[in-house]
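This briefing gathers computed features of one protein model, grouped by topic for a reader who wants to check each against the coordinates. Please have the sequence and the structure open while reading.

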Amino acid sequence: PFQDLSSSNTIFAGGLWLGAMDGSQLKVSFQSYQTYIPRNDPAHQVFLPGPVNPATSKPYGEDDFHKFNLIWSVNRHDILRHMADFKKNAFLDEPILSIVGWPGHGNPYFHEVNGFDFPNTPQGEAPFYDRSGDGIYNAFDGDYPLPEAVAPGIIPEQILWLVFNDAFTRAPDEEEFPLGVEVQLTAWAFFAEGDPLLNRTLFSSYKIINRSGKDLQDFRCGIWTDIDVGCYLNDYAGCIPALNAYFGYNATPLDEDCNNYPGFDSFPPVQAVTLLDQPMSGYISMQNQLWGAVPPDPNMTDPATDEETWHYLNSRWRSGEPLTPDGNGYNPSSTLEPVKFAFPGDPNDPAVWSQYAQNLPHYDERGLGIIEFGNFQKGEVKTVALAYSTHQDSALNHVQQVGLLYDEIPQIQ
């Protein structure tokens, strides 16, 4: 888990990849690494802050979308103070702004705290505990922020919420929107004495709303993660389809520092990404084309076009070639039956397909967990809940650490 810039970490970046068919038209929105784009220039930036107006399929206030460029945050200490305050006399004697101004549905105090209006739609906004049961967020009724997956009274250490969309055109001459979706992201974490696994887990939930005004077909969602276990040049990747999880681990026993990125030295951990509410229908890994003792095949590197991204969202390589269960998975002339999951074997077992068992060159790996939703009707909501967990036991080596996942991921689920 992240401590500071000088500490060893396990994830460099993560993002959401979306794709669907609008009749015969392919529509794709994907974000990996974000470079700086001037605030007043939305061109070429895929996701931008703010919700989407369901009546127009366009963002609210295209000229000042920056006002939604916020992450609303609340911590456990303040929620407990809020609950105790309300319990005394069913009123708030000491209102806490982060709770009073939370962007829950219909919040009558949102503008007063945040300085602008937040549109309310039937699909809802930031999640909360609705003490009165009226469907309206009002801190003065005893409501408080709470992820939908968390039971009332169990308060995370911190809760974050933001909203973004892909409904801006990518270039001035582009008439069609990529997909026309609004995405609401909630993230939270716990701190519990005596539960190190929970303390090393970050939870998040995407609420994806079809605001395009059209029904979409073959809607697919990819959870993309650049897992870097300390040094990013010596990692392997794999997945556990039965647990709806994928992971990254060190390819070598010793994780040394590299290019100013601190390694974990001995006993490097394993980083897992687990889908909690959806089945993972496929997994594929890709390599950074700039790094590697042996240059990776360009067909196994990051996509550059919508079509290449769509191939990955279908468990195929950048070129469209199928994934086959041998070697590195890219075998254009293979007669093997194509598969949906790359490296699903436990690397502790030399008889199954894993990067470690195949003794493959190690790269800067990125993983993509794939969800096949099918039809996506206008106004419909799709959800994806995730757990990002770090697993480590100082008594185990870099490969034996992977064995922890089979026992510990079910505890998170």
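The second largest cavity of this predicted model holds about 30 Å³ of space. The points below begin with that cavity, continue with the largest one, and then turn to two strand pairings and three individual residues.

**The second largest cavity**

- The residues that line the second largest cavity are P51, V52, Y60, F118, P119, T121, E125, E182 and R211.
- Sorted by class, the lining of the second largest cavity comprises 5 nonpolar residues, 1 polar residue and 3 charged residues.

**The largest cavity**

- The structure contains 2 cavities of 30 Å³ or more, and the largest cavity encloses about 50 Å³ of space.
- Lining the largest cavity are T225, I227, Y236, A237, Y246, F247, G248, Y283, E365, R366 and G367; the elements that contribute two or more residues to this lining are strand 12 (216–227), strand 13 (235–240), strand 14 (245–250) and strand 17 (365–376).
- By class, the lining of the largest cavity divides into 6 nonpolar, 3 polar and 2 charged residues.

**Strand 15 and its partners**

- Strand 15, which spans residues 270–275, is mostly covered, with 6 of its 6 residues buried.
- The side of strand 15 to which V270, A272 and T274 point is opposite to the one to which Q271, V273 and L275 point, and the residues of both sets are all buried.
- Strand 15 pairs with strand 14 in the antiparallel sense over 4 bridges, and within this part of the structure T274 of strand 15 is the bridge partner of A245.
- Strand 15 is also joined to strand 18 by 6 bridges, and these two strands run antiparallel; here the bridge partner of L275 is L386, which belongs to strand 18.

**H391 in strand 18**

- H391 lies in strand 18, an element that covers residues 381–391.
- H391 counts as buried because its relative accessibility is 0%, and the cut-off for that class is under 20%.
- The side chain of H391 makes a polar contact with the side chain of S389, at 2.7 Å.
- Leaving aside residues up to four places away in sequence, H391 touches L197, R200, P269, V270, A272, Q401, L404, L405, E408, I409 and I412; V270 and A272, two of these contacts, are residues of strand 15 that point one way from that strand.

**W224 in strand 12**

- W224 is found in strand 12, which is one of the elements that give two or more residues to the lining of the largest cavity.
- W224 is classed as buried because its relative accessible area is 1%.
- Although W224 and L16 are 208 residues apart along the chain, their C-alpha atoms are separated by 6.1 Å.

**S212 in the loop before strand 12**

- S212 has its place in the loop between strand 11 (201–210) and strand 12.
- S212, too, counts as buried, because its relative accessibility of 14% falls under the 20% cut-off.
- S212 and L179 are 33 residues apart in sequence, while their C-alpha atoms are 6.6 Å apart in space.
- With residues up to four places away in sequence not counted, S212 touches S57, L179 and G180, so that L179 appears both in this contact list and in the C-alpha separation given above.

Conventions. Residues numbered from 1 in each chain as written. Predicted model: local features only at pLDDT ≥ 70, side-chain atom pairs only at ≥ 80, totals over all residues. Heavy atoms only, no water. Buried < 20%, exposed > 50% of the residue type's maximum accessible area, 1.4 Å probe, protein only. Polar contact = N/O pair within 3.5 Å; in protein donor to acceptor, adjacent residues only side chain to side chain. Contact = heavy atoms within 4.5 Å. 1 Å grid on protein atoms, 1.4 Å probe; cavity = no way out; pocket = protein on both sides within 12 Å on 5 of 7 lines; lining within 4 Å. Points joined across faces, edges and corners; volume = space filled by probe spheres on them. Nonpolar A, V, L, I, M, F, W, Y, C, P; charged D, E, K, R; others polar. Pairing = 2+ DSSP bridges.
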